[in-house]
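Here are my notes on the model you sent. They are numbered so that you can reply point by point.

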Amino acid sequence: MLKRLAIACLALLGAAGLASADTIPAPKDPVILTVTGKVTNRNSAEGAAFDAAMLQALPSRETVTNTPWYPEKTRFEGPIGAAVLDLVGASGTMLRVTALNDYVVEIPVADFRKWPVILATKIDGKPISVREKGPIFVIYPFDQDPSLYNELYFGRSAWQLKTIEVR
Ligand SMILES: Nc1nc2c(c(=O)[nH]1)N[C@H]1C(S)=C(S)[C@@H](COP(=O)(O)O)O[C@H]1N2
Ligand SMILES: [Mo]
């Protein structure tokens, strides 16, 4: 009987451990990205808030590509968009992204599932300053799929990204 009780307690502790592993810790540094809307894993009233270190810890990609924004091939690096969506438990089909300059554009969630779109936080290995279209720049893998190299995807490449609303 006592043994059964002990096993039950351990099972409960195990479940609690898993649940806490799923929650997102509070940011320690300034928040640079907030994901709102249809998200289940939250760490603030608005949704899931990230500082630079939290984004840095996620699976990332390096995209080296020509772009309309820079005269030369440029190396971008940052978390994979799909990893961010998975972490926050996003369930919608559309992302309404907003930039510091109040630029707003809609990105289908399907884009993040189809391609390794990154939320670039580094350019040529260095953090992207706000003046240089940072701190976050949505970058499609133009290097991998040349069919992305057109106005539709340039328009979805929001720079100075601030919030993602999942709807
Ligand atoms: N933050 C922000 N991102 C943005 C835009 C913008 O005005 N603000 N314009 C978009 C559009 S429509 C295009 S074609 C490219 C143009 O970027 P550029 O104005 O730096 O050439 O960036 C996209 N990302
Ligand atoms: Mo555009």
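1. A word on terms comes before the residues. Helices (H or I, at least four residues) and strands (E, at least two) are DSSP runs, numbered from the N terminus. This is a predicted model, in which local features need pLDDT of at least 70, side-chain atom pairs count only at pLDDT 80 or more, and totals for chains, interfaces and linings use all residues. Residues are numbered from 1 along each chain as its sequence is written, chains are lettered from A and ligands numbered from 1 in the order in which they are written, and side-chain values use heavy atoms, with hydrogens and water left out.

2. Start with Asp111. Its place is in helix H4 (residues 109–114). Asp111 is buried, with a relative accessible area of 6%; buried means under 20%, exposed over 50%, partly exposed in between (1.4 Å probe, protein chains only). Its side chain makes a polar contact with the side chain of Tyr140, at 2.6 Å. A polar contact is a pair of N or O atoms within 3.5 Å; within protein, one must be able to donate a hydrogen and the other to accept it, and residues adjacent in sequence count only if both atoms are side-chain atoms. Beyond four places in sequence, Asp111 touches Val117, Tyr140, Tyr153 and Arg156 (contact means heavy atoms within 4.5 Å).

3. Leu148 also touches Tyr140 and Tyr153. Leu148 sits in the loop between strand S10 (137–139) and H5. Is Leu148 buried or exposed? It counts as buried, at 0% relative accessibility. Its other contacts, neighbours within four places aside, are Trp115, Pro141, Phe142 and Phe154. Trp115 is 33 residues away along the chain, and the two C-alpha atoms are 9.9 Å apart.

4. Now helix H3 (residues 81–88). Why is H3 described as largely enclosed by the rest of the structure? Because 6 of its 8 residues are buried. They are Gly81, Ala82, Ala83, Val84, Leu85 and Val88. The cover over them includes strands S1 (33–37), S2 (47–50), S4 (74–79), S5 (94–99) and S7 (118–120), together with H4. Gly89, just after H3, has a positive phi of about 70°.

5. Ligand 1 deserves a look. Its shell consists of Trp69, Ala99, Asn101, Tyr103, Lys133, Glu151, Phe154, Gly155, Ser157, Ala158 and Trp159; a residue is near a molecule or strand if one of its heavy atoms lies within 4 Å of it. Helix H5 (residues 151–156) gives the most to this shell, with 3 residues. An oxygen atom of ligand 1 is 2.8 Å from a side-chain N or O atom of Trp69. One nitrogen-atom distance is 3.1 Å, to a side-chain N or O atom of Asn101. Another is 3.0 Å, between a nitrogen atom of ligand 1 and a backbone N or O atom of Ser157. Taken alone, ligand 1 exposes 520 Å², and the protein buries 68% of that.

6. Last, the whole chain and its confidence. The chain has 5 helices and 11 strands. Of its 167 residues, 41% count as buried. The average pLDDT is 91, and 87% of the residues score at least 70 (pLDDT is the predictor's confidence in each residue, from 0 to 100). Treat residues 9–21 apart: pLDDT stays under 50 there, and the model has 0 contacts for them beyond four places in sequence.

Definitions and conventions
Accessible areas come from the Shrake-Rupley method with a 1.4 Å probe; for residues, only the protein chains shown count as cover.
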